[in-house]
Amino acid sequence: MTRDYPYVGRFQGCRDGQINKRKYLDPSSLYGKVSGFTNVLFYLSQGPLAVAVDANYWQFYSEGIINCPYFSGFNHAATLVGFNLANQNWIVRNSWGSDWG
């Protein structure tokens, strides 16, 4: 998906006619809460997932893997795009721009 529709860091219209028309799951069938590690990995294998996160510590992030010491509540939306098996961490795409992190 990133290769087909990369982040460009500026306002623009939808380019859905330019992306590879791979078969994606019907979004209406995925709406709702997905819980459980195995279930999240399954749906993630079908494509990116919208997630709610606690981004309070994200403002201090500069590179690498961020470790948030506590959860204070959901306050931001991001896109879950992968899972790193070697490091056991989620790979999240944020909307704050290409110069963030």
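How many aromatic pairs does the count come to in this chain? The count comes to 7 aromatic pairs, and some of them serve below as a way into the fold, which is known here from a predicted model.

**Overall plan**

The secondary structure of the chain comes to 1 helix and 3 strands, and reading along the sequence gives the pattern α-β-β-β. The mean pLDDT of the chain is 77, and 68% of its residues reach 70 or more. Among the elements, strand 2 has the highest mean pLDDT, 91, while helix 1 has the lowest, 88. Of the 101 residues of the chain, 20% count as buried. The accessible surface comes to about 7900 Å², and carbon and sulfur atoms account for 54% of that surface. If one takes the contacts between residues at least 6 apart in sequence, 38% of them join residues at least 24 apart.

**The sheet and the helix**

The strands form an open sheet of 3 strands in the order 1-2-3, with antiparallel pairing. Strand 1 (49-53) and strand 3 stand at the edges and have a single partner strand each, so one side of each is left without a neighbour in the sheet. From one strand to the next, the twist averages 55 degrees. In general, the strands of a sheet pair through backbone hydrogen bonds, and the pairing may be parallel or antiparallel.

Strand 1 and strand 2 run antiparallel and are joined by 5 bridges; one example is Ala52, whose bridge partner in strand 2 is Ala77. Strand 2 and strand 3 also pair in the antiparallel sense, over 5 bridges. Here Gly82 stands opposite Ile91 in strand 3, and Leu80 has Val92 in strand 3 as its bridge partner. Helix 1 packs on the sheet, where it touches strand 1, strand 2 and strand 3, and its direction makes about 90 degrees with that of strand 2.

Strand 2 and strand 3 form a hairpin with 4 residues between them, and Gln88 in the turn has a positive phi of about 55 degrees.

**A cluster of rings**

We can now return to the aromatic pairs, of which the chain has 7 by the rule used here. The rings of Phe37 and Phe83 have centres 5.2 Å apart and planes at 75 degrees, and the pair is edge-to-face because an angle over 60 degrees counts as such. This pair links distant parts of the chain, since Phe37 lies in helix 1 (residues 37-46) and Phe83 in strand 2 (residues 76-84), 46 residues apart. Phe83 also pairs with Trp90: the ring centres are 4.7 Å apart and the planes stand at 65 degrees, so this pair is edge-to-face. Ring pairs thus link Phe37, Phe83 and Trp90 into a cluster.

How far are the members of this cluster, and two further residues, covered by the rest of the chain? The table gives the relative accessible area of each residue and the class that follows from it.

| Residue | Relative accessible area | Class |
|---|---|---|
| Phe37 | 42% | partly exposed |
| Phe83 | 16% | buried |
| Trp90 | 36% | partly exposed |
| Asn89 | 15% | buried |
| Ser95 | 52% | exposed |

Why does Phe83 count as buried? Its relative accessibility is 16%, and buried means under 20%, so Phe83 falls in that class. Phe37, at 42%, counts as partly exposed because this value lies between the limits of 20% and 50%.

**Two residues at strand 3**

Asn89 has its place in strand 3 (residues 89-93). Leaving aside residues up to four places away in sequence, Asn89 touches Ile65, Phe83 and Asn84, so that the list of its contacts includes a member of the ring cluster, Phe83. With a relative accessible area of 15%, Asn89 is buried.

Ser95, by contrast, lies in the segment after strand 3 and is exposed, with a relative accessible area of 52%. Which distance separates Ser95 from His76 in space? From C-alpha to C-alpha the two are 10.0 Å apart, while in sequence they are 19 residues apart.

Technical notes
Residues numbered from 1 in each chain as written. Predicted model: local features only at pLDDT ≥ 70, side-chain atom pairs only at ≥ 80, totals over all residues. Heavy atoms only, no water. Phe/Tyr/Trp six-rings, centres within 6.5 Å; stacked < 30°, edge-to-face > 60°. Helix = DSSP H or I, 4+ residues; strand = E, 2+ residues; numbered from the N terminus. Buried < 20%, exposed > 50% of the residue type's maximum accessible area, 1.4 Å probe, protein only. Contact = heavy atoms within 4.5 Å. pLDDT = per-residue confidence, 0-100. Pairing = 2+ DSSP bridges. Axes fitted to C-alpha atoms, helices over the stretch in contact; angles between N-to-C directions. Areas by Shrake-Rupley, 256 points an atom, 1.4 Å probe, with all protein chains shown as cover.
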